[in-house]
Amino acid sequence: MEHNCGFINDKKAFRYRAAAIIVEEGCVLFARNDEDDYFYSVGGAVHMGETSEEAVKREVFEETGLNYEVDHLAVIHENLFIGSSGLDGVDFHELTLYYLMKSMGKRDFTSQSTTESGAKETMHWLPIDELDKFKAYPTFMKEYLKSEHSGIEHIISDERY
């Protein structure tokens, strides 16, 4: 059995994730599920013994059914937040490596994924120039996608208060 790189101890948690930045036709791909009232990045937990690059490819395939290729590591995100849904009130420290994926030039696919808790998950193409109209995490994505970048960015978000 594969194990996620992370733990919950009392009401504190650490999670190591790999996530994708997939941009097609002026839109960025986000996920959403039946339990939460917000959009979130496509990706998930890195498993023990798995590289973050292997994890992002696996997660993207699981969520979209497509084999996107990695372009490059774009963002190292340290995210401090309070959990919701089944993890309500848990104080999270999350480390996510965001990979920019190579464009496929299309936005059509069917996805049949579920969250770890079993909620139905759906994929949504959100227009980059209208991201501020959506409750979408990570919040840095709105500004990040509006400008050119070179190298790897390190972003720290503290949304606990």
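# Close-ups of a predicted model

A search through the whole structure, which is a predicted model, turns up eleven salt bridges. The legends below start with some of those pairs, then move on to the strands, a pocket and the overall fold.

**View 1. Lys12 and Asp91 meet in a salt bridge.** The N to O distance between the two side chains is 3.0 Å. This is a link between distant parts of the chain: Lys12 belongs to strand 2 (residues 12-21) and Asp91 to strand 7 (residues 91-101), 79 residues apart. Which of the partners is buried, and which is exposed? Lys12 counts as exposed, at 52% relative accessibility. Asp91 has a relative accessible area of 18%, and because the cut-off for buried is under 20%, Asp91 is buried. Asp91 also turns up in the strand pairing, where Ile82 stands opposite this residue.

**View 2. Glu25 and Arg107 form a salt bridge between two loops.** Here the closest N and O atoms sit 3.4 Å apart. Glu25 is in the loop between strand 3 (23-24) and strand 4 (27-33), while Arg107 is in the loop between strand 7 and strand 8 (113-114), so the pair ties together parts that are 82 residues apart in sequence. Glu25 is exposed, with a relative accessible area of 52%. Arg107 is partly exposed, at 33% relative accessibility.

**View 3. Asp158 pairs with Arg160 in a salt bridge.** Their closest N and O atoms are 2.7 Å apart. Both ends are partly exposed: Asp158 has a relative accessible area of 41%, and Arg160 has one of 26%. Elsewhere, salt bridges that share partners tie Glu50, Arg58, Glu59 and Glu62 into one network. As background for these charged pairs, side chains of opposite charge can pair when their charged atoms come close.

**View 4. Strand 1 (residues 6-9) and strand 2 make a hairpin.** The two strands run antiparallel and pair over four bridges. Look for Ile8 opposite Ala13 of strand 2. What sits between the strands? There are two residues, and Asp10 in the turn has a positive phi of about 65°.

**View 5. Strand 2 also pairs with strand 7 and with strand 5 (residues 39-45).** With strand 7 the pairing is parallel, over ten bridges. To find your way along that pairing, use Ala20, whose bridge partner in strand 7 is Tyr99. With strand 5 the sense is antiparallel, over four bridges. A handy marker for that pairing is Ala19, which stands opposite Gly43 in strand 5. When reading the side chains here, keep in mind that in a regular strand they alternate between the two faces of the sheet.

**View 6. Strand 6 (residues 70-82) pairs with strand 7 and with strand 11 (residues 153-158).** In what sense does strand 6 run against strand 7, and over how many bridges? The two are antiparallel and joined by eleven bridges. Ile82 and Asp91 stand opposite each other in that pairing. Strand 6 and strand 11 instead pair in the parallel sense, over six bridges. There, Val75 stands opposite Glu153 of strand 11.

**View 7. The second largest pocket holds about 210 Å³ of space.** Rolling a probe the size of a water molecule over the atoms shows where empty space is left. Which residues line this pocket? The lining is made up of Ile21, His72, Ala74, Leu100, Tyr144, Leu145, Lys146, Ser147, Glu148 and His149. By class, that gives five nonpolar, three polar and two charged residues.

**View 8. Zooming back out, the protein has two helices and eleven strands.** Starting at the N terminus, the order of elements is β-β-β-β-β-α-β-β-β-β-β-α-β. The radius of gyration is 15 Å, close to the 15 Å from the globule rule for 161 residues, so the protein is as compact as a globular protein of that length. If you're setting up a box, the C-alpha trace spans about 45 × 35 × 30 Å along its principal axes. How much of the protein is buried? Of the 161 residues, 45% count as buried.

Terms used
Residues numbered from 1 in each chain as written. Predicted model: local features only at pLDDT ≥ 70, side-chain atom pairs only at ≥ 80, totals over all residues. Heavy atoms only, no water. Salt bridge = Lys/Arg side-chain N within 4 Å of Asp/Glu carboxyl O. Buried < 20%, exposed > 50% of the residue type's maximum accessible area, 1.4 Å probe, protein only. 1 Å grid on protein atoms, 1.4 Å probe; cavity = no way out; pocket = protein on both sides within 12 Å on 5 of 7 lines; lining within 4 Å. Points joined across faces, edges and corners; volume = space filled by probe spheres on them. Nonpolar A, V, L, I, M, F, W, Y, C, P; charged D, E, K, R; others polar. Pairing = 2+ DSSP bridges. Rg over C-alpha atoms; globule rule 2.2 N^0.38 Å.
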